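Dear colleague,

I am passing on the structure we spoke about, which you will find just below. Please open it alongside this message as you read.

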Amino acid sequence: MTQINDGEDPDEGERWPSCSASAPSIVLRMLDMLNPLPSHRVLEIGTGTGWNAGLLAHRLGGDQVITMEVDPALSMQAAVNVMNVRLDPHVVCGDGSAGYAPGAPYDRIISTCSVRSVPPAWLAQTQPGGMILTPWETPWFCYGLLRLEMTRERNAWGRFHPHSSFMLMRDQRTDLRIYRDVVRDEHVPRESETRLSPWAVTGDDWAAQFALGLQLRDVWRTWHESPGVEGVASRLWLATTDGASWAAVDWDGHTDERFMVWEHGPRGLWSEVEAAYDWWSHVGSPGPERFGMSVTPDGRHTAWLDSLGHPVPVLG
Ligand SMILES: C[S@@+](CC[C@H](N)C(=O)[O-])C[C@H]1O[C@@H](n2cnc3c(N)ncnc32)[C@H](O)[C@@H]1O
């Protein structure tokens, strides 16, 4: 970890990582997947320490590598770091979601912060035949990498690859708390029962969680153990990222057959989870490696299973 709280002094408050030097294993795996050729121009988003940009500059030459960092202090330190080892990638301080038009077009764009949607500027600035490689996550589940190829029509498409966990791009972050931002005393939720275990969609089954995240693109969840409610041992909270709909699923500490469900807001979030889980089971419970994503120049994302002709339904 090389920075906390975006460089602000947390004082007595919460501490959370805002920059880290990524593990060498994932850095090398991503560079391998990126496969930069000697003539290629590469844009990196997320300079951090400058190490990845330094490796790229060592391979390609500094004049073919541009790296963008949103945080001015980190950007300045990275420029010093690479200079100290006599490497000279072009270090730019700015918001990488806009790409860097003065250096475009690129053969490769590599992001070392994760995204929930691929910024359209990256498509506009990548050559046909070029590649965009980025860590990908949904509010539901953080899984791995998305490697997209650019077509002549300037669409991008490609598959998901295991595994990674990166800081989210700054402008795609959400900081939501159930009691602070979502649930209000005056809310009167709808009550029902479910047979689907909340652990089936939040537990060890990564494939289920990944498939749910692709279908419920704006839903996040958090567990609350011993919530202080009579007869409830554990409660799973779900909410939309705009906070307008929420659901809670309660385990009474005894039976794994039935769970109480509470839903509030225009969307029935637990019903959507059940529908998403049913779809995934119905198509044979595929793992993440069978899924891919297409992105159009105007930013429309379509996830698919096995091929572009088999789109994943999006709920909500
Ligand atoms: C995991 S670190 C990158 C590690 C880095 N590649 C290295 O070699 O040390 C993620 C970086 O992405 C940066 N970042 C987050 N949002 C960004 C944005 N919109 N534009 C550019 N950089 C961003 C963070 O400030 C952080 O430094």
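What follows goes from the domains to the two sheets and then to one helix.

Please keep in mind throughout that this is a predicted model. The protein is divided into domain 1, covering residues 3-172, and domain 2, covering residues 178-282. Their C-alpha centres lie 34 Å apart, and the contact takes 5 residues from domain 1 and 12 residues from domain 2.

One open sheet is formed by 9 strands in the order E5-E4-E3-E6-E7-E8-E9-E15-E16, with mixed pairing. Its edge strands are E5 (90-93) and E16 (301-305), each of which pairs on one side only, and the twist from one strand to the next averages 20°. Within this sheet, E3 (residues 42-45) and E4 (residues 65-69) pair in the parallel sense over 4 bridges, and Glu-44 stands opposite Thr-67 in E4. Two helices can be placed against these strands: H1 (residues 24-34) lies across E6, E7, E8 and E9, running at about 155° to E7, while H3 (residues 72-84) packs on the sheet by touching E4 and E5, its direction making about 170° with that of E5.

A further open sheet has 5 strands in the order E10-E14-E13-E12-E11, and here the pairing is antiparallel. E10 and E11 are the edge strands, each pairing on one side only, and neighbouring strands are turned against each other by 20° on average, direction ignored. E12 and E13 run antiparallel and are joined by 6 bridges, with Val-249 in E13 as the bridge partner of Leu-236. Helix H7 packs on this sheet, where it touches E10, E11, E12, E13 and E14, and its direction makes about 75° with that of E13.

H7 itself (residues 269-282) has 14 residues and reaches 20 Å from its first C-alpha to its last, close to the 20 Å expected at 1.5 Å a residue. Which residues of H7 are buried? They are Leu-269, Trp-270, Glu-272, Val-273, Ala-276 and Trp-280. Because these residues cover an arc of only 155° around the axis, they sit on the same side of H7, whereas Asp-278, Ser-281 and His-282, on the other side, are exposed. The buried residues of H7 pack against helix H6 (206-215) as well as strands E10, E11, E12, E13 and E14. Just after H7, Gly-284 takes a positive phi of about 95°.

With best wishes

How values were computed:
Residues are numbered from 1 along each chain as its sequence is written. This is a predicted model: local features need pLDDT of at least 70, side-chain atom pairs count only at pLDDT 80 or more; totals for chains, interfaces and linings use all residues. The expected span of a helix is 1.5 Å times one less than its number of residues. A residue is buried if 20 or more other C-beta atoms lie within 10 Å of its own, exposed if 12 or fewer, and partly exposed in between; C-beta atoms are placed from the backbone. The arc is that of the directions from the helix axis to the C-beta atoms. Two residues are in contact if their C-beta atoms, placed from the backbone, lie within 7 Å. Two strands pair if DSSP finds at least two bridges between them. Axes are lines fitted to C-alpha atoms, for helices over the stretch in contact, and angles run from 0 to 180 degrees between N-to-C directions. Domain bounds come from an automatic or database domain assignment.
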